[in-house]
2 protein chains.
Amino acid sequence: MKLELAASQLESLGNPTRLRLYRALVRAGTGGLPVGGLQQKLGIPASTLSHHCRKLIDAGLVTQERNGTTLICRADYGAMASLIGYLADECCADGACAENPENTEA
Amino acid sequence: MKLELAASQLESLGNPTRLRLYRALVRAGTGGLPVGGLQQKLGIPASTLSHHCRKLIDAGLVTQERNGTTLICRADYGAMASLIGYLADECCADGACAENPENTEA
DNA sequence: GCAATATTTCGATGTTTCTCGAAATAGCAG
DNA sequence: CTGCTATTTCGAGAAACATCGAAATATTGC
């Protein structure tokens, strides 16, 4: 994963409203949630919600699929897994870097 | 972990300059890096660097310790591990949520 | 105390973000 | 095509952010 992509995904999750939104989608499972359902759960104006949805979609963390007149939003589990992998790997959450000689350049 | 804390940590990592900074610290291992060393590695003005350091420190992802006239910065591996845990757990990167009935509220 | 180095704080500027209501679009039912 | 619901786009205002140079602070050594 490229650093720029990871940063944009982290940034998109780094807003309390969007993190709540994303979490609601994840908890909704593979079935996802319509935008209206999200609006009810989060209790925010539709335009604000749409704005945040777009950010998550642009970052590649959420997908949308039209179902009639409603739009179903789903969390992209693969994208999250990649992001977590990047953090754990590039950023060595396990602390293994200290013993890894090749991990010393910028 | 509280959602607000996770969001603030994600936001602090969600900037390319800060992500590079954090990555440099992680790769430096437990010994950390002085601010001056970071400045050389990243090639940015000292005031800008100091600003970004502060953000990471405020978010709890980086610690500082004075060593004579230089300040050593270190990545807080525990904080990153907690954050990754939050993402993997609350946000179900493994996709297990779909089969988890209790994971259905907001 | 004075000079020298390392780092932060201050102040300013331009860019981006967040929020919301109003208006516009998309799809469906009749 | 009309009306209806779901959702997005537009426009605007306030707040936050990123960046940088200049000035201030901290620590050491003489």
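Here are some questions and answers about this predicted model.

Reader: I'm just getting my bearings. In what pattern do the helices and strands of chain A follow along the sequence?

Author: Let's start with the inventory: chain A has five helices and three strands. Read from the start of the sequence to the end, chain A goes α-α-β-α-α-β-β-α.

Reader: What share of chain A is buried?

Author: A residue goes into the buried group if its relative accessible area is under 20%. Chain A has 106 residues, and the buried share of them is 44%.

Reader: And what share of the contacts in chain A with a separation of 6 or more comes from residues 24 or more positions apart?

Author: One pair gives a feel for such separations: A:L21 and A:A75 are 54 residues apart along the chain, with their C-alpha atoms separated by 9.7 Å. For chain A, take the contacts with a separation of 6 or more; the part that comes from residues 24 or more positions apart is 58%.

Reader: You brought up A:L21. Is that residue buried or exposed?

Author: A:L21 sits in helix 2 of chain A, which covers residues 16–28. Its relative accessibility is 1%, and the limit for buried is under 20%. So A:L21 counts as buried.

Reader: Which residues does A:L21 touch, leaving out those up to four places away in sequence?

Author: Helix 2 of chain A is where to look for A:L21. Setting aside residues up to four places away in sequence, A:L21 touches A:L38, A:L42, A:L49, A:H52, A:C53 and A:L56.

Reader: How are helix 3 and helix 4 of chain A oriented to each other?

Author: To describe two packed helices, you give the angle between their axes and the distance between the axes. Helix 3 (residues 35–42) and helix 4 (residues 46–59) of chain A have axes 10 Å apart and pack at about 110°. Angles of 65 to 115 degrees count as roughly perpendicular. Helix 3 and helix 4 of chain A are therefore roughly perpendicular.

Reader: What is the handedness of the crossing where helix 3 of chain A passes helix 4 of chain A?

Author: These are the two helices of chain A that pack at about 110°. Where helix 3 of chain A passes helix 4 of chain A, the crossing is right-handed.

Reader: What classes of residue make up the contact of helix 3 with helix 4 in chain A?

Author: On the helix 3 side of chain A you'll find A:V35, A:L38, A:Q39 and A:L42, and they meet A:A46, A:L49 and A:C53 of helix 4. Sorted by class, this contact of helix 3 with helix 4 in chain A has no charged residues, one polar and six nonpolar.

Reader: Now the charged side chains. Which residue forms a salt bridge with A:D58?

Author: A salt bridge needs a Lys or Arg side-chain nitrogen within 4 Å of a carboxyl oxygen of Asp or Glu. The closest N and O atoms in this pair are 3.3 Å apart. The two residues are four apart in helix 4 of chain A, so about one helical turn separates them. A:D58 is exposed at 58% relative accessibility, and its partner is A:R54.

Reader: In chain B, how far apart are the closest N and O atoms of B:R54 and B:D58?

Author: B:R54 and B:D58 are four residues apart in helix 4 of chain B, so about one helical turn lies between them. B:R54 is partly exposed at 44%, while B:D58 is exposed at 57%. Their salt bridge has its closest N and O atoms apart by 3.4 Å.

Reader: Which residue does B:R74 meet in a salt bridge?

Author: B:R74 is partly exposed, at 25% relative accessibility. Its partner counts as partly exposed too, at 42%. The N to O distance is 2.7 Å, and the partner of B:R74 is B:E65.

Note on methods
Residues numbered from 1 in each chain as written. Chains lettered and ligands numbered in written order. Predicted model: local features only at pLDDT ≥ 70, side-chain atom pairs only at ≥ 80, totals over all residues. Heavy atoms only, no water. Axes fitted to C-alpha atoms, helices over the stretch in contact; angles between N-to-C directions. Parallel < 35°, antiparallel > 145°, perpendicular 65-115°, else oblique. Left-handed = near helix turned anticlockwise from the far one by under 90°. Contact = heavy atoms within 4.5 Å. Nonpolar A, V, L, I, M, F, W, Y, C, P; charged D, E, K, R; others polar. Buried < 20%, exposed > 50% of the residue type's maximum accessible area, 1.4 Å probe, protein only.
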